[in-house]
Amino acid sequence: MLRGETRRDQRATVTGRDRADDDPLDAAQERRVRAVLALGGVPQSDLPDGVQQVRLRLLERAASGLPAPRDVSAWAAVVASNLAMDWHRAKRRRERLGERLSALRQPVGSSGEESSLLSLAVARGLDGLPAAQRQVVVLRFFADLPVRDIAEALGIPEGTVKSRLHTAVRALRARLHEDEVV
């Protein structure tokens, strides 16, 4: 028995089929995943990445020792649907970030020179903050992440995020007053 498996493995390696046989999705399942992603509003250019994400999650599931899904096709479709929702959330987040950044570029009622001076002062103030404080400020105010998501991403309690934000904002405010920018 072992000898037969070894020969089959050698033949697969010689013919180059060992990788193709390890693909967790067959052609029909891949078409279904593509269809779910496309119907979910994911652009054509992002479909191959979505299919790869589904493959990766299936392989990670197998590697972690979890049993294979009862119906791989249905499981893959649900994962693809979740990926489509994640894609839309990320798109909305990017749009909000763009809006906030454009609002920072041209504040209402101020000249371009004043906003440039303010931007430089804020950048210098951020550079003067400790790395941990700078990180939470950027994630909260520039990436527009809620405190809960920042805490989860950094692996720290929400209270620590709030404390770092408070201390950083107070230091930035003092720096801006010190530089007579505000």
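Which are the buried residues of helix 7? In this predicted model, the buried residues of helix 7 are Q133, V136 and V137. Seen down the axis of helix 7, these residues fall within an arc of 100 degrees, so they line one face of the helix. This arrangement can be set against a general property of such elements: an α-helix has 3.6 residues a turn, so residues three or four places apart point the same way.

**Overall make-up**

The protein has nine helices and zero strands, and its pattern, read along the sequence, is accordingly α-α-α-α-α-α-α-α-α. Of its 182 residues, 23% count as buried. Among the contacts with a separation of 6 or more, 60% are accounted for by residues 24 or more positions apart. The structure holds zero aromatic pairs, although one ring does have a charged partner, since R140 lies over the face of F141, at 5.9 Å from the ring centre.

**The largest nonpolar core**

The largest nonpolar core has 16 residues, and those with the most contacts inside it are L25, V33, L37, V42, V54 and A76. Helix 3 (27–39), helix 4 (47–63) and helix 5 (72–105) each supply at least two residues of this core, and the largest share, eight residues, comes from helix 5. Apart from this core lies another, of 13 residues, among them L129, V147, A151 and A168.

Within the largest core, V33 offers a view of how the parts meet: leaving aside its neighbours within four places in sequence, V33 is in contact with L25, V51, V54, A76 and A80.

**Partly exposed positions on helix 3 and helix 5**

R32 is found in helix 3 and, at 39% relative accessibility, counts as partly exposed, because the partly exposed class covers values between 20% and 50%. When neighbours within four places in sequence are left aside, R32 is in contact with S73, A74 and A77. N82, whose place is in helix 5, likewise counts as partly exposed, at 33% relative accessibility.

For each of these two residues, a C-alpha separation is available to a partner far along the chain, as set out in the table.

| Residue pair | Separation in sequence | C-alpha to C-alpha distance |
|---|---|---|
| R32 and A80 | 48 residues | 9.1 Å |
| N82 and V36 | 46 residues | 9.8 Å |

**Helices 7, 8 and 9**

The question of burial in helix 7 can be extended to the helices that come after it in the numbering. Helix 7 (residues 131–142) has 12 residues, which at 1.5 Å a residue should span 16 Å; its end C-alpha atoms are 15 Å apart, which agrees. Helix 7 is followed by D144, whose phi is positive, near 60 degrees.

In helix 8 (residues 147–154), the buried residues are V147, I150 and A151. They cover an arc of only 100 degrees around the axis, which puts them on the same side of helix 8. The face turned away from this buried side carries the exposed residues R148, E152 and A153, whereas the buried residues of helix 8 pack against helix 7 and helix 9. Two of the buried residues of helix 8, V147 and A151, are also among the residues of the 13-residue core. Just after helix 8, G155 takes a positive phi of about 70 degrees.

Helix 9 (residues 158–178) has 21 residues, for which a span of 30 Å is expected at 1.5 Å a residue, and its end C-alpha atoms are 30 Å apart, which agrees. Its buried residues are V161, L165, A168, L172 and L176, and, seen down the axis of helix 9, they fall within an arc of 75 degrees, so they line one face of the helix. One of them, A168, is also listed in the 13-residue core. On the face of helix 9 turned away from its buried side are the exposed residues H166 and E178. Helix 9 is followed by E180, whose phi is positive, near 55 degrees.

Technical notes
Residues numbered from 1 in each chain as written. Predicted model: local features only at pLDDT ≥ 70, side-chain atom pairs only at ≥ 80, totals over all residues. Heavy atoms only, no water. Helix = DSSP H or I, 4+ residues; strand = E, 2+ residues; numbered from the N terminus. Expected span 1.5 Å × (residues − 1). Buried < 20%, exposed > 50% of the residue type's maximum accessible area, 1.4 Å probe, protein only. Arc of directions from axis to C-beta. Phe/Tyr/Trp six-rings, centres within 6.5 Å; stacked < 30°, edge-to-face > 60°. Lys NZ or Arg CZ within 6 Å of the ring centre and 35° of its normal. Core = buried A, V, L, I, M, F, W, Y, C linked by side-chain atoms within 4.5 Å. Contact = heavy atoms within 4.5 Å.
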